[in-house]
Amino acid sequence: MTDAIAHFGTLVQAGAALGACLVRLVSLQAANRYTARRVEFADDGTTQFADDETLTVTNLAEPADTAGQLTADTEAVAIDAEGRWVIFIRLGGEGNGGATAQFPAKILSAQGGGLYTVREQALSPAGVFSDAPGATDVTARNLAELALGPGAAVPNDAIILATAIEDTGNPPTLRYVFDHPAYAKYLT
């Protein structure tokens, strides 16, 4: 916690000289660039859009040669660096102290071998799942199928909780996993 406060303090000091603002990501543009809008604090402590202007922000924690992995509605401190707005948000993995990012996802199709194509879901106030704005299809591995047998056991349209983690490559690659029981574990 102390490290996070110190890191935020560093960002605020840098932002004071260059210009900083709070932003909420709206959608992925390409690679590690996102469309964002400025946010401000409401009286109740939540955030709300400050205006209708959109900004392009670059996430320096993601490689510029792969598709970005941050989801819409992620909020960050953006700093104006030489006329370009930058943020630094690292998803999961060992490079982030073992932290992980989790999100609900819908199974779209089985690829075999415990691999599935999934898409991030958003939850409405009524409790209904739908495709998250700007969500892209990703491949996720069902951990339950590693020990229980061949894949393709989770039905299409099932909602699972996916976890994004970095592998141990150099540089690391973001991988997705979930743990959904695919077979009966006991007999009645």
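**Exercise 1.** How many bridges join strand β4 to β5, and do these strands run parallel or antiparallel?

*Solution.* Start with the basis of the exercise. This is a predicted model, in which local features need pLDDT of at least 70 and side-chain atom pairs count only at pLDDT 80 or more, while totals for chains, interfaces and linings use all residues. Residues are numbered from 1 along each chain as its sequence is written, and side-chain values use heavy atoms, with hydrogens and water left out.

Step 1: find the strands. Strands are DSSP runs of E with at least two residues, helices are runs of H or I with at least four, and both are numbered from the N terminus. Strand β4 covers residues 75–81, and strand β5 covers residues 84–87.

Step 2: read the pairing. Two strands pair if DSSP finds at least two bridges between them. Three bridges join β4 to β5, and the two run antiparallel. I79 stands opposite V86 in β5.

Step 3: look at the turn. The hairpin of β4 and β5 has two residues between the strands, and E82 takes a positive phi near 55° there.

**Exercise 2.** Trace the barrel from β1 to β5, giving the sense of each pairing.

*Solution.* Step 1: β1 (residues 20–30) pairs with β2 (residues 33–41) in the antiparallel sense, over six bridges. T35 in β2 is the bridge partner of S27. Two residues lie between the strands of this hairpin, where A31 has a positive phi near 50°.

Step 2: β2 pairs with β3 (residues 47–59), again antiparallel, over eight bridges. F41 is opposite T47 in β3. Five residues separate β2 and β3 in their hairpin, and G45 in the turn has a positive phi of about 90°.

Step 3: β3 and β5 run parallel and are joined by three bridges. Here N59 stands opposite I87 in β5.

Step 4: put the order together. The five strands form a closed barrel, β1-β2-β3-β5-β4, with mixed pairing. Neighbouring strands of this sheet are turned by 55° against each other on average, direction ignored (axes are lines fitted to C-alpha atoms, for helices over the stretch in contact, and angles run from 0 to 180 degrees between N-to-C directions).

**Exercise 3.** Which strand gives the most to the lining of the largest pocket?

*Solution.* Step 1: the candidates are β9 (137–142) and β11 (174–178), each of which supplies at least two lining residues.

Step 2: β9 gives the most, with four residues.

Step 3: sort the lining by class. It has 14 nonpolar, seven polar and six charged residues (Ala, Val, Leu, Ile, Met, Phe, Trp, Tyr, Cys and Pro count as nonpolar, Asp, Glu, Lys and Arg as charged, the others, Gly among them, as polar).

**Exercise 4.** Where in the protein chain is confidence lowest, and where is it highest?

*Solution.* Step 1: take pLDDT, the predictor's confidence in each residue, from 0 to 100. The chain has a mean of 80, and 78% of its residues reach 70 or more.

Step 2: compare elements. Confidence is lowest in helix α1 (residues 2–18), at a mean of 50, and highest in β2, at 93.

Step 3: apply the caution. Where pLDDT is low, the predicted coordinates should not be read in detail.
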